[in-house]
Amino acid sequence: MKCKSGKNRGKRNACFFLGILSLVTVVLCLSASCNADGRKAQKYEYGVFLNADHTAVPK
């Protein structure tokens with residue numbers, strides 16, 4: 001059924017835009033999570049060790 005009035009066209013365009021925006025957001029989130037697995041782990045120069053004795057710190 002085609003919509004001839006201009007009132008519903010704005011709502012339809014807004015829903016279409018929100019759908020496309022949601023799709024792009026999901027695709028970007030999925031691609032970012034895939035790239036995170038392939039990267040090397042970052043090494044930090046310092047760390048905070050809670051409840052660790054002197055033998056566990058070098059690990």
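Me: Helices (H or I, at least four residues) and strands (E, at least two) are DSSP runs numbered from the N terminus. So how many of each are there in the protein?

Reply: This predicted model has 1 helix and 0 strands. Local features need pLDDT of at least 70 and side-chain atom pairs 80 or more, while totals for chains, interfaces and linings use all residues. Residues are numbered from 1 along each chain as its sequence is written, and side-chain values use heavy atoms, without hydrogens or water.

Me: Nice. What share of the residues is buried?

Reply: 0% of the 59 residues count as buried (under 20% relative accessible area; exposed is over 50%, partly exposed in between, with a 1.4 Å probe and protein chains only).

Me: And Ile20, where does that one sit?

Reply: Ile20 is in helix H1, which covers residues 6–38. Its relative accessible area is 40%, so Ile20 is partly exposed.

Me: Switching topic: what's up with phi at Asn51?

Reply: Asn51 has a phi near 60°, a positive value in a non-glycine residue. Most residues other than glycine have a negative phi.

Me: Which part of the chain is Asn51 in, and is Asn51 buried or exposed?

Reply: Asn51 belongs to the segment after H1. Asn51 counts as exposed because its relative accessibility is 87%.
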